[in-house]
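Got your viewer open? Let's walk through this one stop by stop, selecting as we go.

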Amino acid sequence: WGKIEQIFTFKIIVVNEVNFVKKCISTENSQDDLWGKLICTNFKVSFIPQDLSHLLLGEHDIPLTCLEQVLTVNDTKGKKKVLGSNQKLKFNPTELLLYCKDLRVIRFCFVEAGPESAKKVCLAIAHYSHPADLQLLFGFEYQGRRYHESKVNGSTTRGGLHTPLFDRPSDWDREIKRTGASEWRVCSINENYVISPSLPEYIVVPVSLADQDLKQYSAFFTDNRIPLWCWNHPNGSALVRMASITDPLQQRKMDGRIFTGIKKSHPQQSEVFQIDLDKCLPNIQEIQSAFVKIRQICVLDPFEESEERWLSTIENSRWLEYVRAFLRNSAEIVFHMDGRNVSVVLQEEEDRDLSCVVSSLVQLMLDPHYRSLIGFQSLVQKEWVMAGHRFLDRCNHLKKNDNKESPLFMLFLDCVWQMMNQYPAAFEFTETYLTVLSDSMWIPLFSTFLFSSPKQRTQYLTDFAKSKAIPQGEDQSVYFPPVWEWSQQFSHKDQTLFNNPMYVGKGAACVQNGEVKSFTRTKKTYSSNARGALPSVRNGLKGIEDTLTRRGSIMSELRSEFSPVKEESPTERYLRDWFSQPADQQGVLIPLLLPSHVALWKLFFLRWVPEACISKGGSITSYHKLSQLVDEIEFLKSQLRQYTGPSPGSTPLPSPRGPPSGQGRMYFKASSPDDPPTPPDFLTSSFPFTPVGNLCRRSVYGTPISKFLNGARIWLSTETLANDTI
């Protein structure tokens, strides 16, 4: 997995290389180590083991933008140095450690390599992983050559899998019609970015607000970012995001005019609820600090040393705490839009960080379209890329702004995974897809995660087109495509791992107590006595879960004994009613928010840790068994039809012992009596990734609990030990 299948004859420049390099797999012995050649190119760090074919992104390759830190070591002299661009190295390195942004840790030894060659390749890796300018990234060279070759072959297309890019009015028009936002319109006052450099050229605004008024209002907002429409509820309430107003004297005046326009767009002209995200959610520095801590715990700290307190250290990192905070905050907004039938305005100082996370989660909870693969990609494109999230700074691609780096998009993907983990049939895509999407941030071949605003993207790609002799007026998504062009990275067979085989599509029936039912939720109206007021928030944590009675939670049963009795709030009543009914996979989805419901995303955080890899374990093994059972059932049905014939009006079933035609999902055929009953060896808890080749901290692989299990015989009785033949 992770190999880019389609190879183009673009120009990869080998900067430096060194032979007789040992890639160290274990810290305790060398029996699993690999020997080969270490190469630094203008695109990647490549390790080529002996007798291994050359691939664009092979198992041992690392894109230069994926490197977090380059550490050189000389064991004999006891020296270490973290290398940056244009730095000197005064000692000959015996080891090279590469810490990667996708959480890999790679170690190379130069014991048998020439000392000068080893030094040169280390310096080259450090230099080329710190580009002085964005256009020096390999993607600009790669896509220029790919464009001209595709023109020769006549194979250019726009947009991956028909994912709308929201760079033209027609994409916004379709979204307005899809959501029934009849009182909103596409506005072009920001064409050529004349109003705001961080907003898209086309935005959606209330019909009642004139272009001339919006131009005047823009001067009072941070970076001239006038309020940006996100989505409309079927009941008419709208989700809007807005930057802070720079002049406090104009605050009430601007709020009144903007909110009046939003209020008029509602069929009942309901009130507008405003929430200041900066006051109730962690800031970007706190999020970055939490991510650094959880990465240290999951990837760098040996399991043996932290086993007894591992879960508590995970909790103390505050990463899961922040995930809960964003999910809870989004659930609050769902209540206001779905339960109270009011429009919501998300306010953030610059409207480019926290708003991206919250607006996306709210739409994911409310609209099943965004839980499909194409819908989810359009959501990311609309609420992150076109809304001006600072990917260049937050990902720190140029390694110049450590203080601005923050994994907000990673936090969002973790929140999405939490919902997928609780409602596995509600999402068309898989956690493999989410993990690959996070990895794609560090592959500089696509435009999606490279830039900090639509204007910056346009400027860079316009200059790029001129330098590569690309005709003026050519669609930018053709010559520098978005990441949604998955065929550039993966074969069709690999892409089947993106599709959730348990997905319940639109129109699927609800199954309850073994009976197929079609049901609709009872709609109720929830009023709020405190207008525009959220429950008290302390450190971004106190909220719904502190008082809400949860379905199936022992904490909710105990809470009444230790908490003072108080009147149930409208938010609590709405959520209690929601959780009292079966979840509609194609309706509103609200995640459970108690600490026990929010789990560590193991596939992302532990996939490269050999000690945590469970052979023939994990969710893929469960699916393997379910898939085989389904195949057996289909086979038995086909056998029955041979004797009874098809029933009137029945739908033809797939042929037995094989995947349906046009299969786009993972499919495992039922085993025959001659096949072994156990799952295949390639199915592990890290599937479809493999930790082989990543640094292992102990010679015996296993999970943290293996230490206890291996010592369990101490407590076994003498009789049990006598009968033990192992």
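In strand 4, which residue is the bridge partner of Ser46? Select Ser46 and look across to strand 4: the partner is Asp61. Keep in mind that you are looking at a predicted model.

**The sheet**

Stay where you are and bring up strand 3, residues 44–49. Strand 3 and strand 4 run antiparallel, joined over three bridges. Strand 3 is mostly covered, with five of its six residues buried.

Now add strand 2, residues 34–41. Strand 2 pairs with strand 3 in the antiparallel sense too, over five bridges. Click on Cys40 and you'll find Val45 of strand 3 standing opposite. Between strand 2 and strand 3 there are two residues, and the two strands make a hairpin.

Next, show the whole sheet. Eight strands make up this open sheet, with antiparallel pairing, and the order to trace is 4-3-2-1-8-7-5-6. At the edges sit strand 4 (61–63) and strand 6 (79–83), each with pairing on one side only. Rotate the view a little: neighbouring strands here are turned by 30° against each other on average, direction ignored. While you have side chains on, remember that in a regular strand they alternate between the two faces of the sheet.

For another pairing, select strand 1 (residues 14–24) and strand 8 (residues 105–109), an antiparallel pair held over three bridges. Pick Lys23, and its bridge partner in strand 8 is Phe108.

**Salt bridges**

Time to switch to charged side chains. The structure holds 22 salt bridges, and we'll visit a few.

Start with Asp171 and Arg174, whose side chains meet at 2.5 Å, N to O. Both belong to helix 3 (residues 169–179), and because they are three residues apart there, about one helical turn separates them. Is Asp171 buried or exposed? Its relative accessible area is 4%, so Asp171 is buried.

Move on to Asp211 and Arg185, another salt bridge, at 2.6 Å, N to O. Asp211 lies in helix 4 (residues 211–218) and Arg185 in strand 9 (residues 184–187), so this pair ties together parts that are 26 residues apart in sequence. Asp211 is partly exposed at 29% relative accessible area, and Arg185 is partly exposed as well, at 22%.

Now select Arg241 and Glu383, which form a salt bridge at 3.0 Å, N to O. This pair links distant parts of the chain: Arg241 is in strand 12 (residues 238–243) and Glu383 in helix 12 (residues 373–385), 142 residues apart. Arg241 is buried, with 0% relative accessible area, and Glu383 counts as buried at 1%. Widen the selection to Arg225, Asp351 and Lys382, and you have a network of salt bridges that also takes in Arg241 and Glu383.

**A covered helix**

Jump to helix 11, residues 354–366. How many of its 13 residues are buried? The count is 13 of 13, so colouring by accessibility should make the point, as the helix is mostly covered. Try a distance check between its end C-alpha atoms: they are 19 Å apart, which agrees with the 18 Å expected for 13 residues at 1.5 Å a residue.

**Last stop: the surface**

Finally, turn on the surface and pick Met502, Leu626 and Leu629. Together they make a nonpolar patch with about 260 Å² of accessible area. Leu629 lies in helix 23 (residues 619–644), and at 39% relative accessibility Leu629 counts as partly exposed.

Definitions and conventions. Residues numbered from 1 in each chain as written. Predicted model: local features only at pLDDT ≥ 70, side-chain atom pairs only at ≥ 80, totals over all residues. Heavy atoms only, no water. Patch = residues over 30% accessible without salt bridge, like charges linked within 9 Å, V, L, I, M, F, W, Y side chains within 5 Å. Areas by Shrake-Rupley, 256 points an atom, 1.4 Å probe, with all protein chains shown as cover. Salt bridge = Lys/Arg side-chain N within 4 Å of Asp/Glu carboxyl O. Helix = DSSP H or I, 4+ residues; strand = E, 2+ residues; numbered from the N terminus. Buried < 20%, exposed > 50% of the residue type's maximum accessible area, 1.4 Å probe, protein only. Expected span 1.5 Å × (residues − 1). Pairing = 2+ DSSP bridges. Axes fitted to C-alpha atoms, helices over the stretch in contact; angles between N-to-C directions.
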